[in-house]
Amino acid sequence: IREGDPLEIFTDKDGELIFKKYSPIGELGDFAAQICDSLKKTTDGIAAICDRDSIIAIAGGGKRELMDKPISLQLSEIMENRSTYCHSGADFVPVSAADEKYCVSVASPVITEGDVMGCVMFVSERGSARASEVEQKLTQTVAAFLGKQMES
């Protein structure tokens with residue numbers, strides 16, 4: 001949690017306060033999981049959605065290693081660039097700071113009212129083939145759709 005981050009504040013049954021960083025895209029968790037399932041069925045690839053801090057939905061593999069794990073610094077930088085990233089074969093962008101097995105094949109940032117909220121991506125095991133043009137277009141389409149959903 002950093003200065004200026006929005007927070008959710010809860011109390012447990014014992015009256016203890018719980019502070020949790022608020023994630024607008026995290027509010028779409030069930031919806032994001034359904035989207036990942038659809039992307040997996042369409043492409044047979046590993047599809048994932050993250051907010052600014054962690055993976056919030058994944059389908060097609062790597063769930064145990066990646067779900068709710070913090071995203072890598074490199075993935076965070078991709079989102080900040082505000083454009084679609086495609087693995088070129090020479091570089092390696094880990095999905096999570098906690099795992100080196102999975103890398104980003106293609107990622108498109110989710111942008112709402114000018115702010116980056118997360119990204120939609122296809123993931124592959126390190127050394128696997130690059131993303132197809134279809135996967136690139138799918139991440140861009142889903143990211144734009146989620147951005148519009150969060151505006152309403």
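## Exercises on strand E3, helix H1 and the cores

Phe 122, in strand E8, is the bridge partner of Ala 47. This is a predicted model, in which local features need pLDDT of at least 70, side-chain atom pairs count only at pLDDT 80 or more, and totals for chains, interfaces and linings use all residues. Residues are numbered from 1 along each chain as its sequence is written, and side-chain values use heavy atoms, with hydrogens and water left out.

**Exercise 1.** Determine which strands pair with E3, and in which sense.

*Solution.* Helices (H or I, at least four residues) and strands (E, at least two) are DSSP runs, numbered from the N terminus. Two strands pair if DSSP finds at least two bridges between them.

- Step 1. Strand E8, residues 115-125, is antiparallel to E3, with 6 bridges between them.
- Step 2. Strand E4, residues 55-59, is also antiparallel to E3 and is joined to E3 by 4 bridges. Here Ile 49 stands opposite Ala 57.
- Step 3. The connection from E3 to E4 is a hairpin of 3 residues.

**Exercise 2.** Establish how the residues of E3 are oriented, and whether they are buried or exposed.

*Solution.* Buried means under 20% relative accessible area, exposed over 50%, and partly exposed in between (1.4 Å probe, protein chains only).

- Step 1. In a regular strand the side chains alternate between the two faces of the sheet.
- Step 2. From E3, Ile 46, Ala 48 and Cys 50 point one way, while Ala 47, Ile 49 and Asp 51 point the other way.
- Step 3. Of the 6 residues in E3 (46-51), 6 are buried.

**Exercise 3.** Locate the buried side of helix H1 and state what covers the buried residues.

*Solution.*

- Step 1. H1 comprises 15 residues, 29-43, and spans 21 Å between its first and last C-alpha, close to the expected 21 Å. The expected span is 1.5 Å times one less than the number of residues.
- Step 2. Gly 29, Ala 32, Ile 35, Cys 36 and Leu 39 are buried in H1. They lie on the same side of H1, because they cover an arc of only 115 degrees around the axis, taken from the directions from the helix axis to the C-beta atoms.
- Step 3. The face turned away from this buried side carries the exposed residues Asp 30, Gln 34 and Lys 41.
- Step 4. Among the elements that cover the buried residues of H1 are E3, E4, E8 and helix H4 (133-151).

**Exercise 4.** Identify which residues touch the most other members of the largest nonpolar core, and which element supplies the largest share.

*Solution.* A nonpolar core is a set of buried Ala, Val, Leu, Ile, Met, Phe, Trp, Tyr and Cys residues joined through side-chain atoms within 4.5 Å.

- Step 1. This core has 20 residues, and those touching the most other members are Cys 50, Ile 55, Leu 75, Val 95, Val 104, Met 121 and Val 123.
- Step 2. At least two residues each come from E3, E4, helix H3 (73-81), strand E7 (99-112) and E8.
- Step 3. E8 supplies the largest share, 4 residues.
- Step 4. Another core, of 19 residues, lies apart from it and includes Ala 32, Cys 36, Ala 47 and Val 142.

**Exercise 5.** Describe the surroundings of Ala 107 in E7.

*Solution.*

- Step 1. Ala 107 counts as buried because its relative accessibility is 1%.
- Step 2. Contact means heavy atoms within 4.5 Å. Leaving aside neighbours within four places in sequence, the contacts of Ala 107 include Leu 75, Ile 78, Tyr 85 and Met 121.
- Step 3. The C-alpha atoms of Ala 107 and Gln 136 are 7.6 Å apart, although 29 residues separate the two in sequence.
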